[in-house]
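Colleague: I would like to go through this model and hear what stands behind each label. Please show it first.

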Amino acid sequence: MNAVKNFGPKELRQIVLSQLHGLAPEADLSTLRPHDDLRETLEIDSFDFLNFLIALDQEVGVEIPEKDYGKVGTLAGLMDYLLVRLPEAT
Amino acid sequence: MEWQPIHKSLAALQVSPNLVDYVQSCRTFDWAQVHRALTGLPDGQGLNIAYEAVDRHASGPRRNHLALRWLGKEGEVRDFTYASLAEQSNRFANVLCTLGVNKGDRIFVLASRIPELYIAVLGTLKQVCVLCPLFSAFGPGPIEQRLALGDGRVLVTTERLFQQRKIAEMRARLPTLEYVLLTDVPAHLDSSVLSLPQLMAAASPQFTIPPTAPEENALLHFTSGTTGKPKGALHVHQAVLFHYMSAHYALDLHPDDVFWCTADPGWVTGTSYGISAPLCHGVTLIVDEAEFDAARWYQILEEQQVTVWYTAPTAIRRLMRMDLEPRQQYDLSHLRFIASVGEPLNPEAVNWGVNRLHLPIHDNWWQTETGGIMIANYAAMEIRPGSMGRPLPGIEARIVELLENGHVRVVDSPTVEGHLALRPGWPSMFRGYWHDEERYARCFVDGWYISGDLARQDEEGYFWFVGRADDIIKTAGHMVGPFEVESALLTHPAVAEAGVIGVPDPVIGEVVKAFVSLKPAFQPSETLRLELIGWGRARLGSAVAPKLIEFQDNLPKTRSGKIMRRLLKARELGLPEGDLSTLERSAEEAESGATDAARSVLP
């Protein structure tokens with residue numbers, strides 16, 4: 001079980017961007033727009049994208065099943081998806 | 001674990017398969033039958049892939065049959081009948097004529113799976129130019145290198161790739177590259193960067209394919225080598241005989257099929273079976289622009305009523321990760337035959353197909369050089385999970401041992417591992433490596449083409465993949481040459497040495513990993529690791545760049561200073577390091593240019 005933390009949208013965004021930076025360090029993430037296709041814009045292949053979502057799960061405790069990968073293809077989509085599913089802080 | 005063979009019942013098959021009795025089909029096979037199945041250019045003017053794929057249907061009863069359905073990322077659909085595909089490819093051929101592009105000139109295409117790419121491919125073949133596809137996830141390095149090696153005269157690409165891959169910059173170093181045609185700009189940028197839509201609109205929809213000798217060059221596919229530059233495998237127009245015939249037997253294509261080949265035309269599967277073969281059969285071809293997405297893929301199978309599906313182990317293993325019963329959630333009742341290629345399909349995946357899709361998955365084996373499927377599992381033949389199957393009718397495959405004296409000995413006893421070799425002569429066999437006759441000659445020993453793959457054959461004649469005979473990395477179904485990756489890393493100011501290997505991965509086969517030693521002034525750090533990852537990606541593109549970087553002082557080297565990739569790999573995998581003198585000799589032979597095939601192989 002992952003540690004349950006109290007993430008706000010800001011912290012969450014920071015975690016997501018930091019993970020993306022690890023995959024595509026050469027990319028300028030400040031130019032990434034909320035509805036850009038993450039894989040296309042950052043040139044992340046499906047293998048890297050898979051590992052990205054697994055790493056995110058480990059950090060924020062939200063498992064994204066393979067069938068939902070289509071919903072988390074943009075920064076906005078991913079944030080929305082995660083925010084409603086974050087484990088409650090106890 | 002022993003995997004049970006999967007038996008087939010002819011009575012249970014929805015459609016009578018093209019190959020019913022394997023042994024009988026091999027015995028009675030005759031190339032003349034294949035010739036008769038194709039049309040040839042009118043008035044005996046030769047044999048042209050694009051004519052067989054498109055024009056002969058466009059001028060016959062299949063004229064209004066759906067040839068290609070394109071599914072855009074955002075849900076758009078574009079349909080092309082055989083007649084419209086003929087017209088569009090005629091326009092493209094006329095564009096090439098207008099630009100003064102001649103027979104034999106190399107036309108490169110660099111794009112994701114968009115309709116314009118398919119039209120350009122067919123139009124190029126009509127004008128009897130040589131088509132060279134580039135994978136769109138290549139970075140500027142691999143693109144420039146291939147354009148230079150292949151003396152590209154025209155590049156067809158999109159505005160985004162033109163910008164992101166810095167094509168304008170590299171043009172100064174590519175004197176033969178005369179034109180860049182952009183598929184998605186409304187107007188010409190200058191006198192050599194042109195709007196393809198503008199040119200197409202002005203071009204005539206009529207075109208007569210010039211006489212095409214069956215041995216005329218048609219396709220140039222670059223593939224990675226262990227040392228040095230990528231190799232450009234050249235195929236000729238009569239390869240179409242084999243495209244047609246192999247899809248008949250190994251993909252079991254029937255005229256009313258809806259066929260989906262998920263491979264990208266940047267790789268040979270995406271041209272031989274993603275364009276040529278299905279169109280030659282007059283079927284409906286599905287093209288999906290989007291990258292892999294499990295739910296989307298099941299939807300496509302359902303909504304497009306796909307009957308024959310040719311995909312890859314990487315994708316199948318991703319689908320296996322989804323904990324669902326696809327047959328309950330999706331209507332896959334039209335799906336009849338599934339085949340897989342790119343790397344060996346593990347037995348678990350074959351059986352997952354049986355249990356979850358209610359269809360076995362038919363693995364097959366071939367490579368860029370062979371131009372088409374050589375060894376396959378067939379609709380009506382028993383499957384032995386994990387085996388690549390048996391050679392196609394007309395193909396002779398054997399296991400051979402490479403002898404010290406430079407000759408080969410055919411291995412007659414079953415289950416002995418050796419080099420997988422093919423008897424040359426089939427129509428889609430490569431006819432050369434571009435500008436590298438010597439390397440081509442080295443692939444053939446005593447009348448055998450030595451594939452570079454190691455395999456064994458069981459008592460019943462089924463072939464089983466064992467491994468590569470060289471250091472080439474197979475990742476997500478495509479080949480990466482370690483040398484190309486090492487060379488890119490060495491251009492970084494901190495890097496002293498680099499050794500690149502493939503590390504086994506359950507989903508994509510192998511992951512590219514680089515071992516890097518640093519120059520004295522530099523220290524390993526997370527920042528530097530990320531910088532090197534980014535460095536590789538920016539130059540090589542995500543398809544080739546290393547995903548893992550490990551800093552290591554003093555990489556193992558031969559006496560002459562060559563990095564011993566095999567030792568790096570043995571250590572990484574925790575395998576016995578073996579006889580170091582053999583490792584050294586092996587690396588030195590490769591370095592000295594001793595026959596690629598006759599390299600020592602560790603047990």
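Modeller: One term before the interface: buried area is the accessible area, taken with a 1.4 Å probe, that two parts lose on being put together, summed over both. By that reckoning, domain 1 of chain B and domain 2 of chain B bury about 1,700 Å² between them, with 55% of it on carbon and sulfur atoms. This is a predicted model.

Colleague: Which residues belong to domain 1 and domain 2 of chain B?

Modeller: The domain assignment gives 10–24 + 32–457 for domain 1 and 472–592 for domain 2. Their C-alpha centres lie 30 Å apart. In contact are 22 residues of domain 1 and 25 residues of domain 2.

Colleague: What makes B:Arg146 and B:Glu484 a salt bridge?

Modeller: The closest N and O atoms of B:Arg146 and B:Glu484 are 3.0 Å apart, and the cut-off is 4 Å, so the pair qualifies. The count between the two domains is 1 salt bridge. Across the same interface the rule finds 10 residue pairs in polar contact. On the side of domain 1 that touches domain 2, helices H6 (140–149) and H13 (313–321) of chain B each supply at least two residues. H6(B) gives the most to that side, with 5 residues.

Colleague: Why is H12(B) called largely enclosed?

Modeller: Buried means under 20% relative accessible area. Of the 10 residues of H12(B), 7 are buried, so the helix is largely enclosed by the rest of the structure. Among them are B:Trp297, B:Tyr298 and B:Leu301.

Colleague: What makes B:Asp293 a cap of H12(B)?

Modeller: A side-chain oxygen of B:Asp293 lies 3.2 Å from the backbone nitrogen of B:Ala295, at the N-terminal end of the helix. The limit for a polar contact is 3.5 Å, so that distance is within it.

Colleague: Why are B:Val128 and B:Gln305 classed as buried or exposed as they are?

Modeller: B:Val128 is at 0% relative accessibility and therefore counts as buried. B:Gln305 is at 39%, so it counts as partly exposed. B:Val128 sits in the loop between helix H5 (115–126) and strand E4 (130–134), and B:Gln305 in the loop between H12 (294–303) and strand E12 (308–311). Phi is positive, near 55 degrees, in B:Val128, and about 55 degrees in B:Gln305. Most residues other than glycine have a negative phi.

Colleague: How do you know how far to trust chain B?

Modeller: The mean pLDDT of chain B is 93, and 96% of its residues reach 70 or more. Over residues 591–603 the pLDDT is below 50. Where pLDDT is low, the predicted coordinates should not be read in detail.

Note on methods
Residues are numbered from 1 along each chain as its sequence is written. Chains are lettered from A and ligands numbered from 1 in the order in which they are written. This is a predicted model: local features need pLDDT of at least 70, side-chain atom pairs count only at pLDDT 80 or more; totals for chains, interfaces and linings use all residues. Side-chain values use heavy atoms; hydrogens and water are left out. pLDDT is the predictor's confidence in each residue, from 0 to 100. Contact means heavy atoms within 4.5 Å. Helices (H or I, at least four residues) and strands (E, at least two) are DSSP runs, numbered from the N terminus. Buried means under 20% relative accessible area, exposed over 50%, partly exposed in between (1.4 Å probe, protein chains only). A polar contact is a pair of N or O atoms within 3.5 Å; within protein, one must be able to donate a hydrogen and the other to accept it, and residues adjacent in sequence count only if both atoms are side-chain atoms. Domain bounds come from an automatic or database domain assignment. A salt bridge is a side-chain nitrogen of Lys or Arg within 4 Å of a carboxyl oxygen of Asp or Glu.
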